[in-house]
Every structure is written in structure tokens, then in C-alpha cells.
Amino acid sequence: MAEEYLFSIELNQDKTKEHWDPQPEQNEEDGEDQNFGVDQKLIVKMVILGKDAKVGEQNIVQIEAMGLKGKFKTPIAILEMGKCPQILLDLSIPDSPVTFELISGSGPVHIVGHNLLANNLDEYDQDVDEEEVEVNDYDDEDDEKDDKNNKKRKVNSEIKKNGTKRSKIEDGVEK
């Protein structure tokens, strides 16, 4: 089951960088992971200027994250009070540390989104979820159910790291 939490940070001239790292925290007393078996995903939905932003000043927000070919930096928002005070995004950052940086302007700039947490059953649970689903084959000519063709198919489901479920159907399991 997935949990969802509000995510919000503010960047300004005093605090130009903010780091988000989904790695589990170590419990200082017993040294165990707090979020053992939990995947996290950050989804940035909006970048908006605060009310104290200067008119005419361009504010550029950049991220540094891991991609397929390693670390990269890219701007995600260029904001200016009076022209473009906000931008709507649907930026998904799956289970990877990311740094948000105000590389131009004095802000304040607010970055808003949500943090998804889901159990990582694939990595920590060796059992594969198996279900049996009844499938009826119908005769196209007379649309009557043929009891001889009434079969069960085996559905093998596995939970992927990002929380989605992948299923495979195997034929040939007799009723």
C-alpha cells in the first residue's frame, strides 16, 4: 500500500540549495533502518514565486539528479514576478537523491509536490503473489457458454520497485 505526503521547500538568497535523499535513515539507538523495504518517489507539481519576490528579477531553479547516464543538471523553472510567477510541472523523481538550487535571482521560490512511499515487496519478499482467475471462452456463433472450454488461468503477479504491478497469464491450468 502506498502512502502520500505533501512536499514543500523554499529557496531564497540565504538558502539557495536544498537536498532530498530518499535513502532510509539510520536509527541512532539500534542502528536499524527506519524505512526498511520502502521505496520513495518525489513528484514536483509546482514552482511558485513567494510574495516578496522582486518585480522584473528572473529566478531560475535547477535540479541535479541521477539519470540513466549518470548525474546531470538542468533548469526546471524560470520565473519572473509580473510575467511568470508560477509554473505547473509533473516531474517524477524515482528513488534517487536530488538537489534543488536557485541559480539566479533572490527568490523566495517555493517548490511543491508530494512524496510517495510504497513497500518494496519485490526486493524484500521472495514470495510471488499467485492468483487463479477463471476465464470463460464463448462460442462466437451462438453466444452460449461451452462448459468444456471453461478454464482457469494462472496469474503470476510481481510488484516492481516503483510500486506498479506486473502480471503474466499462463494458459493450460485445467479446472
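**Strand pairing in a four-stranded open sheet**

In this predicted model, Met66 has Lys71 of strand 5 as its bridge partner. This pair belongs to a larger set of contacts between neighbours: strand 4, spanning residues 58–67, and strand 5, spanning residues 70–80, run antiparallel and are joined by ten bridges. The connection from one to the other is a hairpin, with two residues between strand 4 and strand 5.

Strand 4 also pairs with strand 7, which covers residues 98–104; here the two strands again run antiparallel, and six bridges join them. Two pairs can be picked out to help the reader follow this register in the structure. Ile60 finds its bridge partner in Ser104 of strand 7, while Glu64 is partnered by Thr99 of that strand.

Taken together, these pairings fit into a wider arrangement. The strands make up an open sheet of four, in the order 2-7-4-5, with antiparallel pairing. At its edges lie strand 2 (17–20) and strand 5, each of which pairs on one side only. Direction ignored, neighbouring strands of this sheet are turned against each other by 20 degrees on average.

For a reader tracing side chains across the sheet, a general point may be handy: in a regular strand, side chains alternate between the two faces of the sheet.

Notes
Residues are numbered from 1 along each chain as its sequence is written. This is a predicted model: local features need pLDDT of at least 70, side-chain atom pairs count only at pLDDT 80 or more; totals for chains, interfaces and linings use all residues. Side-chain values use heavy atoms; hydrogens and water are left out. Two strands pair if DSSP finds at least two bridges between them. Axes are lines fitted to C-alpha atoms, for helices over the stretch in contact, and angles run from 0 to 180 degrees between N-to-C directions.
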